[in-house]
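Trainee: I would like a close look at a single part of this model, the packing of one pair of helices. Please go through it and then move along the chain around it.

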Amino acid sequence: MSVNGGMIASPALETFITVAEGKHLDEATGLHAAYEDEIGTGKPWTIGYGHTTQSGITIHGVLDGKEYHGEEVVPGLLIDEDEARRLLRITIARKADIVRTAIQVPLNQNQFDALVDMAYNLGGKPFRKGSDIVAALNGGVDDRNIPIGPKDYDRVADEFLRWGKAQGKPLASLHSRRIAAALRYKSLPWQWPLYNPAITLATSLAVAEETARDMQDMPLEDLEPRTTYTKIVEMTEPYVEQAREAEAVSREPYIKPHSAHTRAPQDVYYTIDPNAGLKPLSESSRVAGYVWQQVGIAGMRVAAATGTPTAALVVNDPQLQNAVVALFVQGGIAATSLVGYTYGSIKRRYGEKSASQGLY
């Protein structure tokens, strides 16, 4: 018997999945109608609360005005609410068995429910083989063949978000479902992402957690969509705005700005804040370093220019009294100039680095 052998999906998971899947009703009859996936490929056809063709599960419905009893979900098929719920509960039980068998480390109820939802939505084989979820918990290797786990519980929630696309295209409904599953996995309020997928499409898990923690003390009835939409927007907006700003900056192309404090365009690339100007000249380490460099170069030119007179003194002064003084002065000028030039180079590089990183 596995370590989670006695666990079953909670009744709350049925609510979670019905909200996540939504209803696709036939306008004329009000019955659940077969529908294509959101990409529009029609593969697989789905009915009820995410039910697709499964071996051993017979669907009882209506097709072209006649009774239908078969396993395949086909276009035009209609079923009532009771049948949709029956199919949902059978599939949840099947996916719960997959999770119990696959996961060999202890899970709490919310973690178990979230994993069952992933198996429900992904399918048994992708859940076991196609994701890093099982490897992170049991121990194994990830999709890059790097060892992970065991009992890496934190990684699992992050792994959920990797499955928010369909055929490589990000979908608000899938992303919001993954956010909600990750929140449920972490025992946080999960309702708001499912009711507001447009908000969560640009929302990271960290932002979602911040919002969910703010909702922890809210009564359950206040988490219903109609009563909390305005509250959710107000609570989520600051976090989403921060995430959008961070994302926009990270994707900002390199820009060569004109500094308001210099006479020529600067070849400094801003990687943090492209709108920030350079420091004023009086404060700029880069400009100060440039000045020190020029002073050092000027000093070395002076030392070079005095080289010929110093050599003449050495030749014409047998006792070397004046020559020693001249050599000492010339050497002092050269050494001081070299130190000034080196210091200027270091200070200029530091200034350029500060400007390029937006360190104002």
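At what angle do the axes of helix 6 and helix 7 cross, and within what distance do they come?

Mentor: The model is a predicted one, in which local features need pLDDT of at least 70 and side-chain atom pairs count only at pLDDT 80 or more, while totals for chains, interfaces and linings use all residues. Residues are numbered from 1 along each chain as its sequence is written, and side-chain values use heavy atoms, with hydrogens and water left out.

Helix 6 covers residues 153-160 and helix 7 residues 172-185; their axes cross at roughly 165 degrees and come within 8 Å. Helix 6 is therefore roughly antiparallel to helix 7 (angles over 145 degrees count as roughly antiparallel, under 35 as roughly parallel, 65 to 115 as roughly perpendicular and the rest as oblique). The axes are lines fitted to C-alpha atoms, for helices over the stretch in contact, and the angles run from 0 to 180 degrees between N-to-C directions. Helices here are DSSP runs of H or I with at least four residues, strands are runs of E with at least two, and both are numbered from the N terminus.

The crossing of the two helices is right-handed, that is, the near helix is turned clockwise from the far one by less than a right angle, whereas anticlockwise would be left-handed. On the side of helix 6, the contact (heavy atoms within 4.5 Å) is made by Tyr 153, Val 156, Ala 157 and Phe 160. Helix 7 contributes Arg 178, Ala 181, Ala 182 and Tyr 185. By class, the contact has seven nonpolar, no polar and one charged residues. Here Ala, Val, Leu, Ile, Met, Phe, Trp, Tyr, Cys and Pro count as nonpolar, Asp, Glu, Lys and Arg as charged, and the others, Gly among them, as polar.

Next, the loops. Pro 150 lies in the loop between strand 6 (147-148) and helix 6, and a cis peptide bond with omega of about -5 degrees joins Gly 149 to Pro 150. Asn 145 sits in the loop between strand 5 (140-141) and strand 6. Its phi is positive, near 70 degrees, in a residue other than glycine. Asn 145 is exposed, with 58% relative accessibility (buried means under 20% relative accessible area, exposed over 50%, partly exposed in between, with a 1.4 Å probe and protein chains only).

Ser 187 is in the loop between helix 7 and helix 8 (191-195). Ser 187 is not a glycine either, yet has a positive phi of about 60 degrees; at 39% relative accessibility it is partly exposed.
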